[in-house]
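Me: Could you take a close look at one part of this protein chain, the salt-bridge network and the strands that carry it, and then set that part against the rest of the fold?

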Amino acid sequence: MEETFEFLKVKTQVNYVATIKAGGGPNLRPFGDPILFDNKIYVLTNKQKNVSKEIELNNQVCIVAYDGTNWIRIYCKLIDDSNNIEVKKAMINEFNWMDEAGYTLENPDFQVLYLNEVDARICDSNGIELACYKF
């Protein structure tokens with residue numbers, strides 16, 4: 001898990017989350033700013049965004065990131081843990097931009113999700129698998 005988190009947090013600044021639209025078909029958007037909390041990798045979004053609605057309908061996603069040399073592909077489920085005030089506090093403490101962006105404990109649309117049933121694979125630019133992590 002630590003290697004997967006390091007790739008997303010340290011080696012890359014942006015990762016891309018692929019979901020399935022409500023009517024079918026893929027949707028891809030940039031994500032960033034994951035945290036490691038309570039032995040889980042968490043990401044955040046706003047419940048009013050389409051990504052949140054798509055994850056609610058089908059929480060199986062694919063996350064991809066590239067560090068300039070290697071890339072990671074993560075197949076997982078994103079589990080809503082928005083009632084977990086402690087992880088929200090940890091995110092607010094980690095990122096100084098959150099308050100200005102409206103991500104406060106009082107905001108009911110502040111959504112936190114953790115990666116579950118993870119199958120992460122790191123490959124080089126030729127597609128040769130360098131590491132595989134399941135957690």
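Reply: What follows begins with the network of charged side chains, moves to the neighbouring strand contacts, and ends with the chain as a whole.

The model is a predicted one, and the part in question is a network of salt bridges that links Asp119, Arg121, Glu129 and Lys134. In general, side chains of opposite charge can pair when their charged atoms come close. Taking the links in turn, glutamate 129 forms a salt bridge with arginine 121, and the closest N and O atoms of that pair are 2.9 Å apart. Arginine 121 also meets aspartate 119 through their side chains, in a salt bridge of 3.1 Å from N to O. Aspartate 119 in turn is joined to lysine 134 by a salt bridge of 3.5 Å, again N to O. This last pair links distant parts of the chain, with aspartate 119 in strand E7 and lysine 134 in strand E8, 15 residues apart. By the rule applied here, the count comes to seven salt bridges.

The members of the network can also be described by their exposure. Aspartate 119 has a relative accessibility of 18% and therefore counts as buried, since buried means under 20%. Arginine 121, at 26% relative accessibility, counts as partly exposed, and glutamate 129, at 41%, is likewise counted as partly exposed. Lysine 134 is exposed, with a relative accessible area of 59%.

Strand E7 covers residues 110–124, and glutamate 117 has its place in this strand. The phi of glutamate 117 is near 50°, which is a positive value in a residue other than glycine. Another such residue is aspartate 38, which has a positive phi of about 55° although it is not a glycine. Aspartate 38 is found in the loop between strand E3 (35–37) and E4, and at 55% relative accessibility it counts as exposed.

Turning to strand E8, which runs over residues 129–134, leucine 130 has its place there. Leucine 130 is partly exposed, with a relative accessible area of 49%. Not counting residues up to four places away in sequence, leucine 130 touches Asn70, Ile122, Cys123 and Asp124. Asparagine 70 is 60 residues from leucine 130 in sequence, yet the two lie 8.9 Å apart in space, C-alpha to C-alpha. Asparagine 70 belongs to strand E6, residues 70–80, and is buried, with a relative accessible area of 17%. Leaving aside neighbours within four places in sequence, the contacts of asparagine 70 are Phe7, Ala65, Ile122, Cys123, Asp124, Ser125 and Leu130.

Strands E6 and E7 also appear in the surroundings of helix H2, where what covers the buried residues includes strand E1 (15–20), strand E2 (26–31), strand E4 (40–46), strand E5 (60–66), E6 and E7. The buried residues of helix H2, which spans residues 50–57, include Val51, Ser52, Glu54 and Ile55. Seen down the axis of H2, these buried residues fall within an arc of 165°, so they line one face of the helix. In general, an α-helix has 3.6 residues a turn, so residues three or four places apart point the same way. The face of H2 turned away from the buried side carries the exposed residues Asn50, Glu56 and Leu57.

On the surface, Val14, Tyr16 and Leu28 make a nonpolar patch of about 270 Å². Within that patch, valine 14 is found in the loop between helix H1 (2–11) and E1, and it is partly exposed at a relative accessible area of 35%.

For the chain as a whole, the secondary structure comes to three helices and eight strands, and the pattern read along the sequence is α-β-β-β-β-α-β-β-α-β-β. The protein chain has a radius of gyration of 15 Å, which agrees with the value near 14 Å that a compact globule of 135 residues would have, and along its principal axes the C-alpha trace spans about 45 × 35 × 25 Å. Buried residues make up 42% of the 135 residues. Among contacts between residues at least 6 apart in sequence, 61% join residues at least 24 apart. The accessible surface comes to about 7,400 Å², and 46% of that area belongs to carbon and sulfur atoms.

Methods: Residues are numbered from 1 along each chain as its sequence is written. This is a predicted model: local features need pLDDT of at least 70, side-chain atom pairs count only at pLDDT 80 or more; totals for chains, interfaces and linings use all residues. Side-chain values use heavy atoms; hydrogens and water are left out. Helices (H or I, at least four residues) and strands (E, at least two) are DSSP runs, numbered from the N terminus. Buried means under 20% relative accessible area, exposed over 50%, partly exposed in between (1.4 Å probe, protein chains only). Contact means heavy atoms within 4.5 Å. The arc is that of the directions from the helix axis to the C-beta atoms. Patches are made of residues with over 30% relative accessible area and no salt bridge: like charges are joined within 9 Å, nonpolar side chains (Val, Leu, Ile, Met, Phe, Trp, Tyr) within 5 Å. Accessible areas come from the Shrake-Rupley method with a 1.4 Å probe; for residues, only the protein chains shown count as cover. A salt bridge is a side-chain nitrogen of Lys or Arg within 4 Å of a carboxyl oxygen of Asp or Glu. The radius of gyration is taken over C-alpha atoms; the globule rule is 2.2 Å times the number of residues to the power 0.38.
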